[in-house]
Every structure is written in structure tokens, then in C-alpha cells.
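Hello,

Here is the structure I promised to pass on to you. Have a look at it first, and my notes on what turned up follow below.

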Amino acid sequence: FGPEPSAFADLVGRAQEVLDGESPVLRPRDGEGLPGGLLDLPDLPVLLLPDLHARADFLAAVLTWRPPLDPGGSDAMPTVLHLLSQGKLLLLCLGDAFHGEGQDAALRWNLAIPEYESGWASAPAMDEEMGRALACVELILRLKLAFPESFHYLKGNHDNVANEEGRGDHPFYKYAYEGEMTASWFAHRYGDELRAAYRSLELSLPVLARGRHFVASHAEPAFPLKAGDILEYRRRPDVVEALTWTPNDGALPGSVFSSLRSLLGTRALGSRWFGGHRPVEGRYALRQHGRYIQFHRPGHRIADEPEKILEG
């Protein structure tokens with residue numbers, strides 16, 4: 001039910017070093033010289049993954065998929081993993097490694113409530129839930145270490161292992177007390193020091209990615225944003241909240257197109273903003289007059305290529 005503590009601490013530490021040392025071309029610096037919240041993607045094909053929610057199997061399956069980047073593609077086409085290793089594809093995840101969703105997860109969370117209340121004396125349900133989540137976390141971190149310029153992960157609202165209130169985050173509960181239960185179990189299993197280290201890593205994640213003709217974040221931008229706002233995300237908790245917590249119909253009208261114009265300039269006219277955060281019916285939903293494409297369908301494995309959607 002999760003990696004061995006010393007190995008996990010080493011993995012977290014190495015991933016933190018990668019995030020701290022990302023190229024200024026990829027992560028422009030903020031006013032203090034730290035990697036800002038904006039990820040500037042090179043002009044390569046991009047594969048977007050919505051909220052993961054402890055679905056390591058989904059992420060692993062994506063790595064073995066052969067995307068039809070060539071219209072005449074066949075079984076001879078390379079896998080996503082191979083394309084990442086060759087620097088020919090970018091894989092961008094939109095956050096939320098923790099907290100399983102769906103009926104099975106809801107049952108696990110409810111079974112785990114008395115385990116939490118007993119101080120984890122026996123915790124088969126929570127051990128299974130956190131084992132799934134940490135398998136997802138471990139794969140994310142290993143991919144970042146293996147492909148630092150090709151694999152990227154944006155912060156979501158569930159990326160809050162301490163269940164903290166502040167810095168753009170809020171405690172979370174849905175089926176049970178997921179946020180507090182996760183924080184408590186993590187400290188029980190790994191200790192406060194490693195939980196604090198992983199929390200620092202979460203706070204180092206970028207919150208927005210900018211491609212040539214698209215922008216992506218975990219959630220719909222709550223208000224119009226400029227590049228400078230996003231770069232300074234460490235000192236702008238309102239920006240972090242605006243890109244990770246916005247509910248459906250919670251954004252200011254026009255916030256997407258206004259932000260696109262600011263972030264993309266003359267390329268904004270045919271551009272779109274991609275996000276997840278809230279479940280949708282079907283492959284995706286259109287918001288803000290079709291400028292915001294929301295794709296997150298728990299229980300389904302949906303990955304999208306922005307350029308293919310824009311062309312379609």
C-alpha cells in the first residue's frame with residue numbers, strides 16, 4: 001500500500017530537484033528567480049490527460065497506446081512512451097493524483113471512516129485507496145524524472161496532501177473526509193517530514209500550460225489572467241485558486257477569451273482553453289461560448305490531442 005518510505009523520500013527529493021531546475025525557457029522565472037506557474041510548451045504534438053484520481057492504470061495504459069499522429073498510422077506506429085523518449089510528443093496531465101472517484105471509490109471511502117476514527121489500527125480500505133493513489137503519484141514522479149522536458153503535470157485542487165487551507169487550496173470532502181483522511185494516513189505511514197516534503201513538491205507544480213494555439217489548466221479560469229499573474233503564483237493564492245477550484249458557472253463571463261488574448265496575442269482568435277475538474281457527459285463539454293473545452297469523465301479513459309480537436 002504505497003512505496004517504501006526511504007525510497008519514496010528519495011523519489012520525492014529527486015523530483016523536487018527537477019522541478020526546481022526546470023529551464024527558464026520552459027518555466028519562465030518569477031520575481032524571485034524561481035520557476036513560475038506558467039509552462040511554455042514547445043511546438044510539438046501534445047497529449048492531454050484529465051484528472052487522474054488514483055488511476056495509475058489509466059496513465060500506464062496511455063504510455064503503451066500508439067497515437068495516430070500520422071493519418072496513415074498502423075500498429076507499427078510508436079507508443080506514447082517511445083515518443084516521449086524521442087522528444088517527439090508532450091504528455092500533459094491536468095492534475096488530481098489523489099482521491100479516487102466513482103462508486104467503488106465511494107464505498108472504499110465510507111469503509112475507511114471508522115478506520116480513520118480508530119487511528120488506523122487496521123485500515124484495509126484506506127490502505128487500498130492510498131495504495132492506488134500512491135501508485136499514481138509514483139508513476140507521475142518517475143515519468144517526470146525520466147522525461148523532464150516531455151512529461152508535465154499541472155497542479156489540481158486535490159493535490160493538497162496536507163489538506164491545507166491557504167495558498168490557493170482548501171480542505172476537501174465529498175464521499176467522506178477525503179482530504180483529512182489522506183493527510184492523516186500519509187503522516188501515519190510516512191511521517192510529518194515526508195508529508196511536508198511532498199506538500200512542497202505539490203506547491204512547486206505549474207498551474208497553467210501554454211501551447212501555440214491552446215492553453216490548459218486544471219479548472220476554468222475564474223477571472224481574466226495575464227502571464228505575469230501566473231508567473232507569480234507563489235505570491236498569488238487567488239491565481240492558484242482561480243485555476244484549480246472554479247466550479248461550473250463560477251467563472252466571470254469572458255474570462256477565458258480575455259485570458260487567451262493576453263496569453264496568446266494574435267494566436268488567440270482560433271485558440272481554445274482545456275480543463276477538467278468537474279465531470280462531463282460524453283467526450284467533452286463546451287463552455288464560455290465554446291472557448292473552454294472541459295473533458296473529465298470518471299470511469300472512462302479519455303485522452304485528447306488539442307490540435308486534433310481544434311482542427312475538427
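**The three-stranded sheet**

Three strands make up an open sheet with parallel pairing, in the order E2-E3-E4. Strand E2 (46–49) and strand E4 (151–153) are at its edges with a single partner strand each, so one side of each has no neighbour in the sheet. From one strand to the next, the twist averages 15°. Please keep in mind as you read on that this is a predicted model.

If you would like to look at the pairing itself, go to strand E3 (residues 90–93), which runs parallel to E4 and is joined to E4 by three bridges. There you will find Cys93 opposite Tyr153 of E4.

**The cavity**

Tyr153 comes up again here. The structure holds one cavity of 30 Å³ or more, and the volume of the largest cavity is about 130 Å³. Which residues lie nearest its centre? They are Leu19, Ile140, Leu141, Tyr153 and Leu205, out of 14 residues that line the cavity.

As for where the lining comes from, at least two residues each are supplied by helix H1 (5–20), helix H5 (124–146), E4 and helix H6 (178–204). H5 gives the largest share, with three residues. In character, the lining of this cavity divides into 10 nonpolar residues, one polar and three charged.

**The six-stranded sheet**

There is also an open sheet of six strands, whose order is E1-E5-E6-E7-E9-E8 and whose pairing is mixed. Why do strand E1 (38–40) and strand E8 (285–287) each have one side without a neighbour in this sheet? Both stand at the edges and have a single partner strand each, so one side of each is left free of a neighbour in the sheet. Neighbouring strands here are turned against each other by 25° on average, with direction ignored.

Within this sheet, strand E6 (residues 214–216) pairs with strand E7 (residues 272–275) in the parallel sense, over three bridges. One pair to pick out on screen is Val215 with its bridge partner in E7, Trp273.

Finally, a helix belongs in this picture too. Helix H9 (residues 255–264) packs on the sheet and touches strand E5 (208–210), E6, E7 and strand E9 (292–294). The direction of H9 makes about 110° with that of E7.

Do write back once you have had a look around.

Best wishes

Note on methods:
Residues are numbered from 1 along each chain as its sequence is written. This is a predicted model: local features need pLDDT of at least 70, side-chain atom pairs count only at pLDDT 80 or more; totals for chains, interfaces and linings use all residues. Side-chain values use heavy atoms; hydrogens and water are left out. Two strands pair if DSSP finds at least two bridges between them. Helices (H or I, at least four residues) and strands (E, at least two) are DSSP runs, numbered from the N terminus. Axes are lines fitted to C-alpha atoms, for helices over the stretch in contact, and angles run from 0 to 180 degrees between N-to-C directions. On a 1 Å grid over the protein atoms alone, a cavity is a set of points where a 1.4 Å probe fits but cannot get out, and a pocket is an open set with protein on both sides within 12 Å along at least five of seven lines; lining residues have an atom within 4 Å of a point. Grid points are joined across faces, edges and corners, and a volume is the space filled by probe spheres set on the points. Ala, Val, Leu, Ile, Met, Phe, Trp, Tyr, Cys and Pro count as nonpolar, Asp, Glu, Lys and Arg as charged, and the others, Gly among them, as polar. Contact means heavy atoms within 4.5 Å.
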